[in-house]
Amino acid sequence: MANKMTAVSLFTGAGGMDIGFERAGIEVVFANELMSEAAATYNANHASGVMVNDDINNVMDQLSKFNGVDLVFGGPPCQGFSVAGKMNPDDERSKLIFTFLDVVEKVQPRAFVMENVKALGVLEKWEPVRRKYLERVQTMGYNCVPFILNATEYGVSQKRERVFFIGIKDNDNPFFEYFMNDLLLQQKNKAPVIRALLHSLGKAGTEQNPDTCTAKITFATHPVMRKSPYAGMYFNGQGRPINVDSYANTLPASMGGNKTPFVDEDYLYGDAPSDWVVDYHRGLMDGSIVPEFREAPNRLRRITIKEAARIQSFPDDYVFCGNKGMVYTQIGNAVPCKMAEAVAKALITYMETEPASF
């Protein structure tokens with residue numbers, strides 16, 4: 001790129017999406033985040049003066065000076081659309097996808113990227129919202145397509161499917177979706193399994209990997225069983241065991257307590273021949289183990305902040321601000337950095353190879 005593309009970052013959080021876009025060669029000239037701890041994290045890792053810690057509606061007037069930036073990107077809070085939540089269309093957070101478009105309309109970027117949960121992109125329940133969003137985008141002069149991507153295919157060791165609404169201004173190319181799909185395909189990079197990803201951090205409790213979640217792991221006296229030992233509900237709390245020979249499930253923003261996923265550390269580091277969770281599950285299934293309320297063995301422990309950050313593909317030296325609970329929340333809320341980087345690189349390639357569109 002002769003000149004660096006510029007971007008406005010919205011609903012920035014700790015800056016996961018920004019890291020990806022910056023790695024792709026984009027300069028963020030304005031970032032906005034409401035949560036003070038997340039804004040502090042952003043400032044601790046980025047040049048000062050870019051982040052504005054305030055409600056997006058209070059900063060609209062400041063945005064006109066960024067008219068004509070190359071990109072607007074962000075991930076508005078998704079709880080209103082999430083299948084893990086109440087899926088309430090009247091949830092105030094559900095309306096923020098349109099606040100995102102208010103900014104796009106004001107700034108008039110060449111392109112935009114809005115990330116959200118997969119449900120918004122595919123569920124019939126959200127079809128009216130999706131249609132309203134896409135119709136508004138069209139009246140604003142953008143050709144926009146939602147793309148469903150799986151993080152594991154873009155270097156992120158986490159089964160995290162997300163929708164990315166990608167819009168291009170004044171672009172009537174009927175093959176836009178086809179070209180973008182092809183460019184996203186070129187960015188695919190299979191993620192390492194959890195064991196390979198975390199092994200070099202060292203065991204929890206070491207200087208490089210401090211033990212940051214003290215929530216006990218206890219057995220459910222009335223387990224809900226599934227065929228997979230990594231599904232079902234046979235531990236108290238909603239934190240699930242992670243298969244270290246595969247990928248983590250989506251890390252939730254509610255981590256920090258008993259909703260924090262956990263691993264068998266002895267198996268993770270090769271000190272045990274099998275995963276304790278698998279053996280316990282087998283015993284429950286064949287009746288050789290009777291469920292009772294008690295604590296799990298010490299070899300089962302919650303993932304640390306360092307591990308959660310690495311699973312979300314944050315750099316190891318990234319500085320997080322706030323108490324432990326708030327840090328886990330920031331990590332869980334983030335768009336995985338490597339996933340964002342893949343989207344940014346694909347979009348930049350499209351914008352550079354389709355100059356006639358602009």
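The count of cavities of 30 Å³ or more comes to 1 in this structure, which is a predicted model. The largest cavity holds about 40 Å³ of space, and the second largest pocket holds about 220 Å³. The structure also contains 18 salt bridges, and a nonpolar surface patch of about 200 Å² is formed by Val122, Leu123 and Ile148.

**Cavity**

- The lining of the largest cavity includes Ala231, Gly232, Met233, Tyr234 and Phe235.
- Gly237, Gly239, Arg240 and Pro241 also line the largest cavity.
- Sorted by class, the residues lining the largest cavity are 5 nonpolar, 3 polar and 1 charged.

**Second largest pocket**

- About 220 Å³ of space lies in the second largest pocket, and of its 13 lining residues the closest to the centre are Ala215, Lys216, Asn298, Leu300 and Arg301.
- The lining of the second largest pocket divides into 6 nonpolar, 2 polar and 5 charged residues.
- Arg301, one of the residues closest to the centre of this pocket, forms a salt bridge with Glu307.

**Salt bridges**

- Among the 18 salt bridges of the structure is the one between the side chains of Glu105 and Arg136, with an N to O distance of 2.9 Å.
- Glu105 belongs to helix 3 (residues 96–107) and Arg136 to helix 5, so this pair ties together parts that are 31 residues apart in sequence.
- Glu105 counts as partly exposed because its relative accessibility is 41%, a value that falls between the 20% limit for buried and the 50% limit for exposed.
- Arg294 and Glu292 form another salt bridge, in which the closest N and O atoms are 3.6 Å apart.
- Both partners of that bridge are partly exposed: Arg294 has a relative accessible area of 33%, and Glu292 has one of 44%.
- In the salt bridge between Arg301 and Glu307, the closest N and O atoms are 2.6 Å apart.
- Arg301 is buried, with a relative accessible area of 9%, and Glu307 is buried as well, at 0% relative accessibility.
- Elsewhere, Arg23, Glu341 and Lys345 are joined into one network by salt bridges that share partners.

**Nonpolar surface patch**

- Val122, Leu123 and Ile148 together make a nonpolar patch of about 200 Å² on the surface.
- Leu123, one of these patch residues, sits in the loop between helix 4 (118–122) and helix 5 (127–139).
- With a relative accessible area of 30%, Leu123 is partly exposed.
- Helix 5, which follows this loop, also carries Arg136, the partner of Glu105 in the salt bridge to helix 3.

**Strand 6**

- Cys144 is located in strand 6, which covers residues 142–150.
- Cys144 has a relative accessible area of 13% and is therefore buried, the cut-off for that class being under 20%.
- The C-alpha atom of Cys144 is separated by 6.5 Å from that of Phe165, although the two residues are 21 residues apart along the chain.

Methods:
Residues numbered from 1 in each chain as written. Predicted model: local features only at pLDDT ≥ 70, side-chain atom pairs only at ≥ 80, totals over all residues. Heavy atoms only, no water. Patch = residues over 30% accessible without salt bridge, like charges linked within 9 Å, V, L, I, M, F, W, Y side chains within 5 Å. Areas by Shrake-Rupley, 256 points an atom, 1.4 Å probe, with all protein chains shown as cover. Salt bridge = Lys/Arg side-chain N within 4 Å of Asp/Glu carboxyl O. Helix = DSSP H or I, 4+ residues; strand = E, 2+ residues; numbered from the N terminus. Buried < 20%, exposed > 50% of the residue type's maximum accessible area, 1.4 Å probe, protein only. 1 Å grid on protein atoms, 1.4 Å probe; cavity = no way out; pocket = protein on both sides within 12 Å on 5 of 7 lines; lining within 4 Å. Points joined across faces, edges and corners; volume = space filled by probe spheres on them. Nonpolar A, V, L, I, M, F, W, Y, C, P; charged D, E, K, R; others polar.
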